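Subject: Structure handover

Hello,

Here is the structure I promised to pass on. Please open it alongside this note.

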Amino acid sequence: MEITSVKSFLLYYDKVRERTNKLIRTVPHDKLDWAYMPGKFSIGDQIRHIATIERYMFAETIAGRSCAYHGCSKELADGYENVINYFNELHRQSVEIFSSLSDEDLHKKCTTPGNAEMAIWKWLRAMVEHEIHHRAELYIYLNMLGVKTPPMFGLTAEQVQERSVKIA
């Protein structure tokens, strides 16, 4: 998928983020620090990671600056409300940077943390893939805890199967 319009990208990205927000709203407040094993990201780390990578890696490099990502520990935001506010504020800042781009800017190159030169539109696409990857991890974490998670597009896999035609 090639991104050719900043406006249409931002509309699409807003829908991606709304699905992430819908999932995050199901996180039990007392499970924010839960991780499936020691040394791995907690649920809170996952949420902070989505926010900090978006803002300090993707948005910074798209703006022509160096990556400024320094982790996602609870020192950045602790407690459910603080984590959500942090998540939303960094997203607001990122969208402000992305909104300043012109459609022509999408074809300019930015430098990734690995020193690769990449078209901004491709780096934006990678950002969306990154968020979806971590959202999927959050789904797994929450399912491990027995938390009922929202279906991504309105129906569960079982509901789709029930409504599908039988193939001979």
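Below is what turned up, by topic.

The model is predicted, not experimental. Please read every value with that in mind.

**Nonpolar cores**

The largest nonpolar core has 23 residues. Within this core, F9, F98 and L124 touch the most other members. Four helices feed it: α1, α2, α3 (80–99) and α4 (120–144) each give at least two residues. The largest share comes from α4, with 6 residues.

What does F98 touch, once residues up to four places away in sequence are set aside? The list is V6, L10, Y13, E54, A59, I62, L124 and M127. So L124, one of the residues that touch the most other core members, is also a contact of F98.

There is a second, separate core of 20 residues. L32, I43, V83 and L138 are among its members.

As background, nonpolar side chains tend to be buried together in soluble globular proteins.

**Salt bridges**

How many salt bridges does the structure hold? The count is 11. Three of interest follow.

*R17 and E54.* Their side chains meet in a salt bridge at 3.5 Å, N to O. This pair links distant parts of the chain: R17 sits in helix α1, E54 in helix α2, and 37 residues separate them. Both R17 and E54 are buried. They also belong to a network of salt bridges that takes in E131. E54 turns up again among the contacts of F98.

*R25 and E18.* Here the N to O distance is 2.8 Å. R25 is exposed, because its relative accessible area is 51% and the cut-off is over 50%. E18, at 38%, counts as partly exposed.

*E60 and R65.* The closest N and O atoms of this salt bridge are 2.8 Å apart. Is E60 buried or exposed? E60 is buried, because its relative accessibility is 9% and the cut-off for buried is under 20%. R65 is partly exposed, with a relative accessible area of 42%.

The general point behind such pairs: side chains of opposite charge can pair when their charged atoms come close.

**More on E60**

E60 lies in helix α2, which spans residues 43–62. Its side chain also counts as making a polar contact with the side chain of R65, at 2.8 Å. Which residues does E60 contact, leaving aside neighbours within four places in sequence? They are R55, R65, S66, A68 and I97.

**Surface patch**

Y36, M37, I140 and M144 make a nonpolar surface patch of about 410 Å². Y36 is placed in the loop between α1 (6–24) and α2. Y36 counts as partly exposed, at 40% relative accessibility.

**I84**

I84 is found in helix α3. I84 is buried, with a relative accessible area of 15%. How far apart are I84 and A116 in space, C-alpha to C-alpha? The distance is 32 Å, and the two are 32 residues apart in sequence.

**Where to look in the viewer**

For the charged network, pick R17, E54 and E131. For the largest core, start from F9, F98 and L124. For the surface patch, show Y36, M37, I140 and M144.

Best regards

How values were computed. Residues numbered from 1 in each chain as written. Predicted model: local features only at pLDDT ≥ 70, side-chain atom pairs only at ≥ 80, totals over all residues. Heavy atoms only, no water. Buried < 20%, exposed > 50% of the residue type's maximum accessible area, 1.4 Å probe, protein only. Polar contact = N/O pair within 3.5 Å; in protein donor to acceptor, adjacent residues only side chain to side chain. Contact = heavy atoms within 4.5 Å. Patch = residues over 30% accessible without salt bridge, like charges linked within 9 Å, V, L, I, M, F, W, Y side chains within 5 Å. Areas by Shrake-Rupley, 256 points an atom, 1.4 Å probe, with all protein chains shown as cover. Salt bridge = Lys/Arg side-chain N within 4 Å of Asp/Glu carboxyl O. Core = buried A, V, L, I, M, F, W, Y, C linked by side-chain atoms within 4.5 Å.
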